[in-house]
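Reader: I would like a close look at one part of this protein, with its side-chain pairings and its backbone set out carefully. Please take the stretch that seems best suited to this, and place it within the rest of the chain.

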Amino acid sequence: MNKAANEQQSLDAADYDPIQHLNLLFSHPSTVSSISRVSSTLQSRHNDLSAEISSLQTAQAYGPDSSLERMQSAQAELAGLFKKIETVRSRAIQTEQNITSMTADIKRLDGTKRNLTLSMTALKRLQMLTTAYEQLRGLAKTRQYRECAGLLQAVLQLMRHFNSYRSIDQIATLSRGVGELQREMLEQVCEDFEIAFAKGEVGARKANLVEACGVMDALGDNARARLVTWYVNTELREYRQVFRGNDEAGSLDNIGRRYAWFKRMMKGYEEEHAAIFPPHWRVGETLAMSFCDGTREDYKGILEKSMRRVDGAKIDVNLLLSCLQETMDFEQTLERRFSNEPRASIDTLSSADERTQSFNGSISVAFEPYLSLWVESQDRTLAAMIPKYKAQPLLPHDEEFSPQAVISSAIELFHFYKVTLSQCAKLSTSERLLDLAKTLAKYLDEYAQQVLLAILQKPSQTGASLEDIVLVLNTADFWHANTEQLEENIKKRIDNELVGKVDLSSQADAFLGVASAAVVALVNKVEADCEGAWREMKNTNWSKMESVGDQSSYVGELVSHVNAKAQEVLAVVVKQQYARAFADKLVEHLANTYILTIVQCRPISEVGAEQMLLDKYVLTKALETLLSHHNPSAPTSQAHAQHVPPSSFVKRVNATMTRIDPLLKTLQVRPSPPEGLVQAYLIHVGDRSDTNFRKILELKGIRKQDQGHLIELFAIHRDGPAAGAKLVAQSPLLTPLMNAPGLGGVGVGVNNLGLMGPGAALSTAAQGAAARFDAASLGEKLLNAARDGVERMGTPGSHEAHPPLNNAASINENLKNFGKFFRRDIGGLGARFAKRDGSTDDAQGGR
């Protein structure tokens, strides 16, 4: 029994597991014999359950509370519900029909009442219209215009109610009568005005004319426009007769008489006629605009006739400008006069319309096609100013030099540009202003080339003085900033569709190029003072030096001259960015000159190269303090003691001077054993060039007959697997050196090191010897030293042949390109010269 109970319990379980149950029943091999008994028990249990299920299904289907009976009961209830709904719907329809029948009579009565009301209203309005029409006819005959004005408005308003009844004969006849009466009153009022003005009875009949204007207001806009047009033509008849029929009176010389006549006429209008017309008619403004329209057409004819003169004489530009200025003043007077007139009341129709016409340009537009003559006049004036600026002193005789000073001609030219631009913007903001902008740009180029660059090209032995160079630098900076402002000013004034055509960026770049040339000229001032020190270095016997000692004597002299001259220069260079550019460029040039002098000191022994490396280290440390001289706010000694060199500048100096190290470290290695020299070259110089390796041998003083073995050994190591992938084709350090004939078959490429001064370079370009005025001829791109990181030194300039160009155009174009190069490196004159990221971390760090 217990086993059967367990079986029953396990079979009824929700998580019944047959495997687990079988393992429970047959937990031991000995229980296998009971399989048939267990099977019989399970089959008996299955049969019992099936019988029980069948009995339950039968009871559910045929029992007294079966689902079939419930479904049939629900269907019967739904049928009864639908029947009730239909009954309610039938009753609702019947009720609606009853209500409609009951209210039909009421609706008919409402329609009858409404029609009766409309009929009574129409009859009353018809009676009023008929009465008013008859009264209006009588008042019109007696010219009682005050009463006519109000009555006419009522008649016209009533008549609008009967527009839909014009198919009725009587209404159509009445409508025609009203229209005829309007025409009669219009003609009558116009006749009254004509008689009053013709007989000079305006003053006596002013009251009647004022009332007549009320009638014209009631008659509508067309009637009012007819009267105003007649009045304007009447008042301007004399003007047209006098100034159009007489060539002398209508000429440009008598333009003031036209405006004087109009002012007298307007004075008479305001005193005698203004009170006649309602203010919202704005008769005075219409009169002025009509005068402007007629005068404009007169001027167009006069100017066209003047341009077609058979004697070839053109219009006097001064007369043209005088007439134009007087016309613009007259337009401004009218604009001020009529822009302040009171507007009509807010409840009038005309007050909703804003004043759209303007007197500005209403007459002067006739002069605009001829303003090119004025632009040509400005061109001639500027063309005469440039030679004068080139010849005159940079500063007035009574003005002393100051580090902030700007060349006086630049101030004068700037004032001329400002006045001219302001004047042209008043005259025209279209094509003529664009033409003027092109003319101004043209002479900015001329000023940069013929005035500023000419100062740096002085043919004297010493070139331009320090003060002159600083004046050029300040002036170029002044014009660079003001050129950009000039462009923005023109763009604000010119018409929107022409804004894109205004571009003075090339002129700004040209002045930036002049500033860069001035920086190089300052550097050359320092270099010229150091010639003695470099001469002493060349005279030293570097091949016989036995030991390395303290710094060489030439180093102290060189540092002394550099500091003294740099202090003199930086004392008059005001802006920090130019001081930094000067210092960077000076370091670059000194490094190039040091390499040049090393080449000229051949032969150089190993000890000599080591001494040169020590001298280079001393020179580097001295150059790190260059910017200490640019501190005008503190005494020199105090400023030098407190100065901490900017980290970026120290990095710049070390990067520039360290480029010399590969050459000197290679020269320090003895030629024996030869493998040592070859390996040193491959490590320090690191190129595959036989020519450059020969240059090292020449510098060391190795005889030609002894070089063959070293060159063969160099070729073996160069092409070996250990060094091949690491070597470059040409070393940027050695490639530009010793390219010209001389010095035992090799020479020194001076120009390749960028040591040509700006005066010489500019003079050469101006004389046509160089076809292009490129960066190398102004100090090998000036700001190569303004870039971060180790850079190539002495990159050769372009030696390609160029076809001859116009000298002035060539110089000017290269100035622009030079300025763009300068702008690219510094991000504009306001940025730090030695920074790419635009930061200002330590520009003032030592100040």
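Author: A residue is called buried when its relative accessible area is under 20%, exposed when that area is over 50%, and partly exposed in between. By that scale Gly150, at 42% relative accessibility, counts as partly exposed. Gly150 belongs to helix 5, which covers residues 145-161, and its C-alpha lies 7.9 Å from that of Ala218, although the two are 68 residues apart in sequence. The model discussed here is a predicted one, and the part I will follow begins around helix 5 and continues through the helices that come after it.

Just ahead of helix 5, in the loop that joins helix 4 to helix 5, is Arg143. The backbone of Arg143 has a phi near 55°, a positive value in a residue other than glycine. With a relative accessibility of 31%, Arg143 counts as partly exposed. The side chain of Arg143 also takes part in a network of salt bridges, in which it is linked with Asp192, Glu201 and Arg205. Within this group, Arg205 and Glu201 meet in a salt bridge with an N to O distance of 3.7 Å, and Glu201 is partly exposed at 30% relative accessibility. A search of the whole structure finds 32 salt bridges.

Aromatic side chains form a second kind of grouping in this part. Phe193, Phe197, Trp230, Tyr231, Tyr269, Phe277 and Trp281 are linked by ring pairs into a cluster. The search of the whole structure gives 29 aromatic pairs. One of them is formed by Phe262 and Phe330, whose rings are edge-to-face, with 5.6 Å from centre to centre and 85° between the planes. Because Phe262 is in helix 9 (residues 255-273) and Phe330 is in helix 11 (residues 317-339), this pair ties together parts that are 68 residues apart in sequence. Both partners are buried by the scale given above: Phe262 has a relative accessible area of 2%, and Phe330 has one of 4%. A ring of another kind of contact involves Phe338, for the charged end of Arg337 sits over that ring, 4.7 Å from its centre.

Between helix 9 and helix 10 there is a loop that holds Arg282. The phi of Arg282 is near 50°, again a positive value in a residue other than glycine. Arg282 is buried, with a relative accessible area of 14%, whereas Arg143 was found to be partly exposed.

Helix 10 spans residues 283-307 and contains both Asp293 and Arg296, which are 3 residues apart, about one turn of the helix. Their side chains meet in a salt bridge with an N to O distance of 3.1 Å. The two ends of this bridge fall into separate classes of exposure, since Asp293, at 31% relative accessibility, counts as partly exposed, while Arg296, at 17%, counts as buried.

A bridge further along the chain can be set beside that one. In helix 15 (residues 466-493), Glu487 and Lys491 are 4 residues apart, so about one helical turn separates them. Their side chains meet in a salt bridge at 2.9 Å, N to O. Here the acidic residue, Glu487, is buried at 11% relative accessibility, and the basic residue, Lys491, is partly exposed at 26%.

On the other side of the starting point in sequence, helix 4 (residues 67-141) includes Leu81. Leu81 joins Leu78, Phe82 and Ile85 in making a nonpolar surface patch of about 420 Å², and its own relative accessibility of 45% makes Leu81 partly exposed.

To place all this within the whole, the protein chain has 28 helices and 0 strands. Of its 847 residues, 44% count as buried, and the accessible surface comes to about 44200 Å², with 53% of that belonging to carbon and sulfur atoms. Among contacts with a separation of 6 or more, 78% are between residues 24 or more positions apart. Later in the chain there are cis peptide bonds, including one that joins Arg602 and Pro603, with omega about 0°, where Pro603 lies in the loop between helix 19 and helix 20. Another joins Ser672 and Pro673, also with omega about 0°, and Pro673 is placed in the loop between helix 23 and helix 24.

Methods
Residues numbered from 1 in each chain as written. Predicted model: local features only at pLDDT ≥ 70, side-chain atom pairs only at ≥ 80, totals over all residues. Heavy atoms only, no water. Phe/Tyr/Trp six-rings, centres within 6.5 Å; stacked < 30°, edge-to-face > 60°. Helix = DSSP H or I, 4+ residues; strand = E, 2+ residues; numbered from the N terminus. Buried < 20%, exposed > 50% of the residue type's maximum accessible area, 1.4 Å probe, protein only. Lys NZ or Arg CZ within 6 Å of the ring centre and 35° of its normal. Contact = heavy atoms within 4.5 Å. Areas by Shrake-Rupley, 256 points an atom, 1.4 Å probe, with all protein chains shown as cover. Salt bridge = Lys/Arg side-chain N within 4 Å of Asp/Glu carboxyl O. Patch = residues over 30% accessible without salt bridge, like charges linked within 9 Å, V, L, I, M, F, W, Y side chains within 5 Å.
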